[in-house]
Amino acid sequence: MNPLLISLLIIVALSVFGRTMFGKIQLLKALEPADRVNHLKERLMNMVILAIGQKRLVGRAKERSSGIMHAFIFWGFCILLIRSLTLYGEGFQQGYHLPFLGGDYLLGYLYVALKDIIEAIVLLMIIFAFFRRAVLKPKRMHNTFEAYLVLGLIGILMASDLLYDGARYNLIQLYNNPGSIHYFNNPQYGSEFLWTPISVAAASLISGLGVDANTAFLTIMFWLHICTQLVFLNLLPLGKHFHVITALPNVFLKSLGYPHEKPKLLDLEDEAAWEDESLGINHIHQLNWKQGLDLYTCTECGRCKEVCPTYTTDKPLNLHEFNDKLKQELLENADNIIKKAKLSSTIEQIEDSAQIEKLKEEINALNSKKQLIGEVIAEDTLWACTTCRACEEVCPVAIEHVPRITAMRQGQFLMAEAYPKELNPALKGLERNGNPWGIGYDKRADWAEGLDIKTMADDQNVDYLLWVGCAGSFDDRSKKVTTSLVRILQKAGISFAILGIEEKCTGDYARRVGNEMLFQMMAQENIETLNNYNVKKIITACPHCLNTLKHEYPPMGGDYDVIHHAEFIDQLVQKGKIQLKQSLAGALTYHDPCYLGRYNNIFDQPRSILRSVSKGVLKELERHGRESFCCGAGGGRMWMDETIGKRINLERSEEIVRRQVSNVAVGCPFCMTMIEDGMKELGREEEIKTMDIAELVEKDMA
Amino acid sequence: MAKVLVIAEIKQGVIKSSTTELLSKAKAIGAETAVVAIGSNIESLIPGLVSAGSDTQYVADDPGLELFSAGPYASCVVDAAKQFGANLIWFGFSESGKAVAPRVAAQLDAACATEITDVTLHGDQIEVTRPAITNKVMQRVKVNIEELVAVVRAGAFEATEGITGTENVIKLSPPAPDLKAVIKELVSDASGDIDLADADIVISVGRGAKDQAGIDLVKELANDLKAGFGSSRAMVDGGFMPHGKQVGQTGKIVAPNLYMAFGISGAIQHLAGMNGSKVILAVNKDPEAPIFNVADYGIVGDLFEVVPILREEIKKIRT
Amino acid sequence: MKILTTVKKVVDVELTIHVKDGAIVEDGLQYVINAWDENAVETAVQLKENSGAETTLVSIGGGDNTDMIRRCYAMGIENGIHIEDPTLGAADSFVYAKVLQKVYEKGDYDLVITGKQAQDTDNGQTGIILAEYLGLPCVSNVIAIEVLDDQHIKVSRSGDAGTEIVELELPAVVTVDVSINEPRLPAMRGIMMAKKKKIDVMDLAALGTSPDEVGCATPKSEIAEFLKSDTRQGGQKFEGNAAEITAQVVDLLANEAKVF
């Protein structure tokens, strides 16, 4: 078309874009390090399935229609990239085509056909998108100018290309191609336009306007398309559509979860860290680059809010707003952070200690003094989280919300010394007597009286250690579960022992609320005890204990094979070591505990067991499996009062009541407490029995 | 012969039963008895002091003694003790008693024992029994000198039926006021809500009370007894009771003489808040409720039925 | 203002205490800061934060109190004195008070804050006796404290007739009840810093006194033996006709438990 003009446009657009991107990347590089470039094959798989495959959009039953809508827009985008390249080429040379995609190849024809359909589909999807936003107005979305603008721009891109090709068709077929426009016309495959019915249809819209009008359309649509695209490109990094560029890398670099990634073990002995307040996250410059990338990538879709147990019960934890506020703060401090990184890198080369000191001072001055909690994010927001990870489960771009919240809690606890003081009794109890109620440690094994159970001190040559946990040892309701489990193990002839009074709380909730010091103390003590007895395999009835022992103790020197009682009982049933009579009557449902399901991928074994004990039907709750709804006790919330909004356990209990069952099975002492309490409050505790899997199995054992 | 000086416990113009109980015990161990009464306008109480079992009455009656102040009260007791030649000086279990006893002991260079449950004399050797380690064990204590000041546990001694005394009133000169510890104000308990932490009797409601009607029902009983009114977490969570009333691990820790739990199951968190109570009464429909594992007296029943009966019975007892 | 606060290491009362042959079974026991003294420490630290007071703690006996004292440092106490002497084994409240008197006289304190009682002895005497020995005004069972000026504080005391508001002239002694405040968790940073802080450990001689002077050898009373106490067990549970059993229970409450 016009090589000079197109060169100019490309150069200007790409320079601006390049500059913006450079700044964005520089900012990320200047943030704290994160170890994510590893396990490349697995990461590639994630990217293919989640990002390219759009699994969390298309693969999710809820809102599948909007998922498909977006998937087509995205796939369309990818496919049309090739088209775009051709168009740019056309700017330089008439009839430009990419290798193997020209008129001599079937591939070329196939591509133009594909392009044709895709553009139509994308246009339809865009119209659907507009309709959803403006008319259907789903609650999770919030409408901004940017949202509509982008939809508009994409619409323009599709329409302009179709009309461009439409004009081409008209000029070639109707007006005898006065400008000698190039088109595919291979005798084997026919005219290009036989393969592009949509463009032909678009052509018919303007065919009656005459040759001059069509020539004008040709030129205008061409440049409109190019310019729109180049403007769009430059708009991307400025808002939520940055995800167009960053989503694939973000998914590629996402956390691989356990066992590949463990929570960062803070070195509390590091005095320098105490000095510059770098334990946990208190200030924006303490984010690592992956967290920065997360902030760039948030699409503000709001799916996280929809599944968040706190948000849906009116607490002030609005995750996408959380992301947005942090992003704004990050961008505001971008210059300082980048400067700081530059200065820090020069320190290595300097020998003179006085100069180093001066540099350190300068660096310190560049650090953001703003407290994230309090000045950017409200306290209630931070502490409302139950760490259930439902948000991470549904986020289409794999943002890691929960580790960031935990790190900010660490910052609050360790550095700012600001945390909900109502946690004090639970923390003091933990410190002193190894359990959140502060009950004398000497009573931890009282539940075992009369049950004929060995302790490790009596005989450490057993196959399994039964890790009872604090609730299982002290809470009256949970003690019944422990007893049931013991009876099952004894019936199956399993060789096991308990630690008895040597067992201490794993420290799970201490870590979740940010008290890393207490957590490490509990861990060290437990690991010493466990290693002393040469423990290899552990069975536990509590998913929080499971999670901590299995994934958080290894970095501290404790490596054990930890198995949840649901897994273990399932194995026993499969191997025939216990027989079940399937005698439980009435409809039954199962509440997936967050730390068993989402955290540790155990969904099937409990269900398999329940089907074996129940002669009634096993119904699923609306929010089940990977999208199970939290009971509200995680993240240390068990030890705090819920004063804002509706209580989470009530919300879940109501859901269970709606399911019309006689029994609800759980696999976690926290869930047990919360759901049973919920049932009592709704006055349904007689009709709907809350039972642990172990209790149901014990009752049903032959 | 032992000489016991009992400090009369006077509250709102009434001589409390501890006075008679302590004097009864004194007579039971064969001691000479005297009582010291401190306050303002207490002349009219003298007959009561006599019939409580005292053979001498030391009276410190002065407007400056209307409000309790440890210093001047201690001076009166020391004065009486010296005049009487007492070797045993006993206080009833009250905040005043606990505040004054050590002062008296220090001034008289006597031994001091808090919350004794028994006292025996082997010749001149005084022996007392008292609790220790937050009431988890008892100790038998031998006093190595001749004088002992003691605060006696509530209800430890029994009042003798038909005990009598002799009128022998000795007026004590008013003590100097404590100029360095000036009592400015007394914020009385009588009006408003009774503080859970200080109340003698605390009554709490749990989920068994169901709703406001149930709470109001139990509150009547609390009013009857002028008891502190508390709640388990369930009722606070349910919005029926304010958080300040929550007895439990994340609420208030109380250790009253009598704790009554209505419709409370007895979860660990709640027990942590009231386990130190002297006496626990629990009323619950569920015979398996854990609260019965710590309650001294348990009534398995519906609180809606039991509470009115309780009120009746208690009214009968107190008249 | 200079504050002296007392801190006693006592047995953890969450544990079950066993008595055998007239003595406490030591095996398995752990020792912690006396709960009331923790409140005293918190009171002192709050006064430091609000009124700029200087705080010192003193601990008597207990063996190695390093952990306990460091924890108090982490809460905010600035100085620590530990008096340890083999002759203090059977010390009673009077002996403790005498030793505290010596400590007090060595410094220049305006306010002494002790816990109301110790959870091992259940006595509640030491602070008050100390005030007598020092000739200082004293208020016990304090539930609120306010600094009026350099020479005066105002305290609220939980008394029999209600809350007594008392104005004290400094120097003075107060003993505090648990309801005065919620002791903070030691600051994490404080715990790190506390590891480096020194504790002033002295025996009676270094304190400038002797066992005779404080009365170690001749305690006014001694514990002859320990006896089992009834542990909190379920007592009597009544089922049946509501009117009957309720009447029964009220009778027991009045005549057996004597709470009415």
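**Exercise 1. How many salt bridges are counted between chain C and chain B?**

Solution. The model is predicted.
- Step 1. Take the total for this pair of chains: five salt bridges.
- Step 2. Look at one of them. The side chain of C:Lys220 meets that of B:Asp109, with N to O at 2.8 Å.
- Step 3. Widen the search to polar contacts. Between chain C and chain B, 41 residue pairs qualify, both residues being at pLDDT 80 or more.

**Exercise 2. Describe the side of chain C that touches chain B.**

Solution.
- Step 1. Count residues. Chain C brings 71 residues into contact with 78 residues of chain B.
- Step 2. Take the area. About 6500 Å² is buried between the two chains, and carbon and sulfur atoms give 56% of this.
- Step 3. Find the top contributors. C:Asp160, C:Lys220 and C:Arg232 supply 12% of the area that chain C buries against chain B, more than any other three residues. C:Lys220 is also the residue that forms a salt bridge with B:Asp109.
- Step 4. Sort by class. This side of chain C has 34 nonpolar, 19 polar and 18 charged residues.

**Exercise 3. Which elements of chain C give two or more residues to the side that touches chain B, and which gives the most?**

Solution.
- Step 1. List the helices: H4 (126-134) and H8 (242-255) of chain C.
- Step 2. List the strands: S9 (138-149), S10 (152-158), S11 (162-169), S14 (221-228) and S15 (236-239) of chain C.
- Step 3. Rank them. H8(C) gives the most, with 10 residues.
- Step 4. Follow S15(C) across to chain B. Strand S18 (residues 297-300) of chain B runs parallel to S15(C), and four bridges join the two. In one pairing, B:Gly298 has C:Lys237 as its bridge partner.

**Exercise 4. Is A:Ala202 buried or exposed?**

Solution.
- Step 1. Place the residue. A:Ala202 is found in helix H7 (residues 197-206) of chain A.
- Step 2. Apply the cut-off. Buried means under 20% relative accessible area. A:Ala202 has 10%, so it counts as buried.
- Step 3. Look for neighbours beyond four places in sequence. A:Ala202 touches A:Leu162 and A:Leu163.
- Step 4. Check a C-alpha distance. A:Ala202 and A:Asp165 are 37 residues apart along the chain, with their C-alpha atoms separated by 8.0 Å.
- Step 5. Follow A:Asp165 further. A:Asp165 belongs to a network of salt bridges that also links A:Arg83, A:Lys115, A:Glu119, A:Asp161, A:Arg168 and A:Glu192.

**Exercise 5. Work through three salt bridges, giving the distance and the burial of each partner.**

Solution.
- Step 1. Set the background. The whole structure has 69 salt bridges over all chains.
- Step 2. Take A:Glu676 and A:Arg477. Their closest N and O atoms are 2.7 Å apart. The pair links distant parts of the chain, 199 residues apart: A:Glu676 lies in helix H29 (residues 669-681) of chain A and A:Arg477 in helix H22 (residues 476-491) of chain A. A:Glu676 is buried at 17%. A:Arg477 is buried at 16%.
- Step 3. Take A:Glu392 and A:Arg389. The closest N and O atoms are 2.9 Å apart. A:Glu392 is buried at 10%, whereas A:Arg389 is partly exposed at 22%.
- Step 4. Take B:Lys316 and B:Glu313. Here N to O is 3.2 Å. Both residues lie in helix H8 (residues 303-318) of chain B, three residues apart, or about one turn of the helix. B:Lys316 is exposed at 52%, while B:Glu313 counts as buried at 15%.

Key: Residues are numbered from 1 along each chain as its sequence is written. Chains are lettered from A and ligands numbered from 1 in the order in which they are written. This is a predicted model: local features need pLDDT of at least 70, side-chain atom pairs count only at pLDDT 80 or more; totals for chains, interfaces and linings use all residues. Side-chain values use heavy atoms; hydrogens and water are left out. Contact means heavy atoms within 4.5 Å. Buried area is the accessible area (1.4 Å probe) that two parts lose on being put together, summed over both. A salt bridge is a side-chain nitrogen of Lys or Arg within 4 Å of a carboxyl oxygen of Asp or Glu. A polar contact is a pair of N or O atoms within 3.5 Å; within protein, one must be able to donate a hydrogen and the other to accept it, and residues adjacent in sequence count only if both atoms are side-chain atoms. Ala, Val, Leu, Ile, Met, Phe, Trp, Tyr, Cys and Pro count as nonpolar, Asp, Glu, Lys and Arg as charged, and the others, Gly among them, as polar. Two strands pair if DSSP finds at least two bridges between them. Buried means under 20% relative accessible area, exposed over 50%, partly exposed in between (1.4 Å probe, protein chains only).
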